[in-house]
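Here's a walk through one protein chain, written as a short report. Have the viewer open and follow along.

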Amino acid sequence: MIIPFKNISFRKRIIFFFIVVFLNFLSSKELVAHELWLEKNTNKDDKTLIDIMVGQNFNGTPFGFYSKEKEKLYLDNNNIIKNIEQRDGDFPAIQLKLDKNFFNVINYETIYIFLKYDNTETFENFVKEQNFLDILSSYNTNKLPTENYKRFSKILISNSNDFFQQSSKLDFELIALNSPFDKRNEFFKFKLLNKGKPLGNFQVKIFTKNKKIFNQEIIKTKPNGEGEIRILPDRAYLLSAVDIFKPNFIQNLKLKSDWVSHWATLAFFPSYNY
């Protein structure tokens, strides 16, 4: 869906903006188990269009750009950062010019979003799904849990074998160790980092899909934080990792929640013609 803002009135743009704000508000109220990822939409003129998706199992709804939910949005080329500026109400949410002869990494970090669970069962199911079973024996079951969550999402886009390895710039992130677009690579290799340090033996969900197939598997990173998956033809890929922890003293003063969760996603579509 593309809205040609230059051809509509200012009043209609304002109305559309408030619709986007409302939908984004609803998305923040959804179950915290819903992922956020970046997904290639299409090209328009000389621009690449990318959706901010919210959903589950690599199936979601696109949301418009809303600056109040953004902490960072930037393009990384060979560890040279270029901030991406968007207008509230842009739909698709991210629209930019890309030189696809390079290995492009688009990075989107949200602000913290506060959540109060309606019941303890939902929180416990979330904790079990993310394999943090020790939390179940350490939280107050007589109080509805509260949480602040933040998302760190990336999409890789390229038409060439060009590749660079990102230096760590986010608090929680998945980093590509080789290019999934290079047909010489049978496996895609990645590393999971927390504040720049490798997270070993940590759960990562792998989603793959095309028009006929959907598959999900769970792997664990090696002790050095690295992992790898086989790249199959005609598939789209989404990698997802979630960290859940108690806020430290300073975080608690600012966030005022029982728990904090960080979400890292990394998406790429090697079989698509960009």
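What follows goes from the overall picture to the cores, the surface, the loops and the salt bridges.

## The big picture

First things first: this is a predicted model, so a look at confidence comes early. The average pLDDT over the chain is 89, and 86% of the residues reach at least 70. Two stretches need some care. Residues 1–9 stay under 50 in pLDDT, and the model gives them 17 contacts beyond four places in sequence. Residues 25–33 are also below 50, with 20 contacts beyond near neighbours in sequence. Where pLDDT is low, the predicted coordinates should not be read in detail.

As for the fold, the chain has 17 strands and three helices. It runs to 274 residues, and 52% of them count as buried. If you take the contacts between residues at least 6 apart in sequence, 67% join residues at least 24 apart. The accessible surface adds up to about 13800 Å², with 51% of that belonging to carbon and sulfur atoms.

## Two cores

Which residues have the most contacts inside the largest nonpolar core? They are Leu 156, Phe 188 and Leu 239, in a core of 41 residues. Several elements each put at least two residues into this core, including helix H2 (120–129) and strands S8 (113–116), S9 (146–157) and S10 (172–176). From further along the chain, strands S11 (187–194), S13 (203–209), S16 (236–245) and S17 (259–268) each supply at least two as well.

Apart from that core lies another one, made of 26 residues. Among its members are Met 53, Ile 84, Ile 155 and Phe 269.

## A greasy spot on the outside

There's a nonpolar patch on the surface too, formed by Phe 249, Ile 250 and Leu 253. Together these residues offer about 380 Å² of accessible area. Leu 253 belongs to helix H3, which covers residues 249–255.

## Loops worth zooming in on

Start at the loop between strand S5 (80–83) and strand S6 (94–96), where Pro 92 is found. The peptide bond leading from Phe 91 into Pro 92 is cis, with omega near 0°.

Next, two residues that aren't glycine but have a positive phi. Phe 58 has a phi of about 65° and is found in the loop between strand S2 (47–56) and strand S3 (59–63). Asp 234 has a phi near 55°, and its place is in the loop between strand S15 (226–230) and S16. Buried or partly exposed: where does each one fall? Phe 58 is buried, because its relative accessible area is 2%, under the 20% cut-off. Asp 234 is at 47%, so it counts as partly exposed.

Then there's Gly 200, in the loop between strand S12 (197–198) and S13. Its C-alpha atom is separated by 4.0 Å from that of Pro 223, although the two residues are 23 apart along the chain. Leaving aside neighbours within four places in sequence, Gly 200 is in contact with Thr 221, Lys 222, Pro 223 and Gly 225. Gly 200 still counts as partly exposed, at 25% relative accessibility.

## Salt bridges

How many salt bridges does a search of the whole structure find? It finds 13. One of the pairs is Asp 90 with Arg 87, at 3.8 Å from N to O. Asp 90 counts as buried, at 6% relative accessibility.

Glu 109 and Lys 150 make another, with N and O 2.9 Å apart. This pair links distant parts of the chain: Glu 109 sits in strand S7 (residues 104–110) and Lys 150 in strand S9, 41 residues apart. Glu 109 is at 5% relative accessibility, so it counts as buried. Lys 150 is also buried, at 5%.

Glu 226 and Lys 191 form a salt bridge as well, their closest N and O atoms being 3.8 Å apart. Glu 226 lies in strand S15 and Lys 191 in strand S11, so the bridge ties together parts that are 35 residues apart in sequence. Glu 226 counts as partly exposed, at 24% relative accessibility. Finally, salt bridges with shared partners join Lys 72, Glu 109 and Lys 150 into one network.

Notes:
Residues are numbered from 1 along each chain as its sequence is written. This is a predicted model: local features need pLDDT of at least 70, side-chain atom pairs count only at pLDDT 80 or more; totals for chains, interfaces and linings use all residues. Side-chain values use heavy atoms; hydrogens and water are left out. A nonpolar core is a set of buried Ala, Val, Leu, Ile, Met, Phe, Trp, Tyr and Cys residues joined through side-chain atoms within 4.5 Å. Buried means under 20% relative accessible area, exposed over 50%, partly exposed in between (1.4 Å probe, protein chains only). Helices (H or I, at least four residues) and strands (E, at least two) are DSSP runs, numbered from the N terminus. Patches are made of residues with over 30% relative accessible area and no salt bridge: like charges are joined within 9 Å, nonpolar side chains (Val, Leu, Ile, Met, Phe, Trp, Tyr) within 5 Å. Accessible areas come from the Shrake-Rupley method with a 1.4 Å probe; for residues, only the protein chains shown count as cover. A salt bridge is a side-chain nitrogen of Lys or Arg within 4 Å of a carboxyl oxygen of Asp or Glu. pLDDT is the predictor's confidence in each residue, from 0 to 100. Contact means heavy atoms within 4.5 Å.
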